[in-house]
Amino acid sequence: MTAENRLREEIVRLSKSLFDRGFSVGSAGNISAATEDGILMTPTNSCLGFLDPARLSKLDRDGRHISGDKPSKEVFLHRAFYATRPQTGAVVHLHSTFATALSCLADIDPEDCVPPLTPYVVMRVGAVRLLPYVRPGDETMGTMIRELGGRHAAVLLANHGPVVSGRDIASAVYAAEELEETARLLVLLRDMPKRMLSAENVAELKAVFGGR
Ligand code: ZN
């Protein structure tokens, strides 16, 4: 099996896993991964639970659709990460419940909208930027991600959901899961006094495990 075919199988397997555990419903969410000569992307209106590896969209390095079904219309979110973070091997965009709930709150800090509640969100996701609402399909969102200059591995689109990048498909999926679970904890603890990790705790994690 070629490396690309293995990657196609991996995208389908991890997408189904996300769907089966309720991280994605209906045709919401899309996933991409870098190949040697372009990117593979889940097709438009496809359900993450029922993908066909042979029908994944393939785009060349310039974003032109070269084979498979038509790509998701949110492909520009993905391309913005590949363009600004060279270490990016995969991008996961979900409408998962708790991260999306967090993206709808009026009083979160847009600079750091997922506070350091646990070490794992610091290590796997890093600081998450909240980007202002624009309608789905509006390519301004891609521009806003590009304007971050690659400083964030993950963003939260207001009233929409998370976009998370990783060095490969497994780490992007794990980071998206970590973001969702941290958002769940934040919503559960919303009205309770909380002890967050301190700036020193966060600096120690970055020194020991590297920054995201
Ligand atoms: Zn979306």
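I began by fixing my terms: I call a residue buried under 20% relative accessible area, exposed over 50% and partly exposed in between, with a 1.4 Å probe and protein chains only. Helices (H or I, at least four residues) and strands (E, at least two) are DSSP runs, numbered from the N terminus. The model is predicted, and I required pLDDT of at least 70 for local features and 80 or more for side-chain atom pairs, while totals for chains, interfaces and linings use all residues. Residues are numbered from 1 along each chain as its sequence is written, and side-chain values use heavy atoms, with hydrogens and water left out.

**Entry: confidence**

I looked up pLDDT, the predictor's confidence in each residue from 0 to 100, and noted an average of 95 for the protein, with 99% of the residues scoring at least 70. The lowest mean, 91, belongs to helix H4 (residues 119-124), and the highest, 98, to strand E5 (residues 90-93).

**Entry: the sheet**

I counted two strands as paired if DSSP finds at least two bridges between them. On that basis I traced an open sheet of 8 strands with mixed pairing, in the order E4-E3-E2-E1-E5-E8-E7-E6. Its edge strands are E4 and E6, each of which pairs on one side only. From one strand to the next the twist averages 25 degrees, where axes are lines fitted to C-alpha atoms (for helices over the stretch in contact) and angles run from 0 to 180 degrees between N-to-C directions.

**Entry: strands E6, E7 and E8**

Is strand E6 covered or uncovered on its two faces? I found both faces of E6 (residues 128-131) covered, since Val 128 and Leu 130 on one side, and Arg 129 and Leu 131 on the other, are all buried. E6 runs parallel to strand E7 (residues 154-157), to which 4 bridges join it, and I noted Leu 156 in E7 as the bridge partner of Leu 130. Together with helix H5 (residues 140-147), these two strands make a right-handed β-α-β unit; right-handed here means that, with the strands pointing away from the viewer, the path from the first strand over the helix to the second runs clockwise. E7 is also joined by 4 bridges to E8, and this pair runs antiparallel, with Gly 161 in E8 as the bridge partner of Leu 157.

**Entry: the zinc ion**

I took as donors the N, O and S atoms within 2.8 Å of the metal (3.2 Å for Na, K and Ca); water is not among the atoms, so sites may look incomplete. The protein donors of the zinc ion come from Glu 74 (OE, listed twice), His 93 (NE2), His 95 (NE2) and His 160 (NE2), and lie 2.0 to 2.8 Å from it. Glu 74 sits in the loop between strand E4 (65-67) and helix H2 (75-84), and His 95 in the loop between E5 and helix H3 (97-104), so this pair ties together parts 21 residues apart in sequence. Glu 74 is buried at 10% relative accessible area, whereas His 95, at 34%, is partly exposed.

**Entry: positive phi**

I checked two residues other than glycine. Asn 45, with a positive phi of about 60 degrees, lies in the loop between strand E2 (38-41) and strand E3 (57-60) and is exposed at 62% relative accessibility. Asn 159, with phi near 55 degrees, lies in the loop between E7 and strand E8 (161-166) and is partly exposed at 47%.
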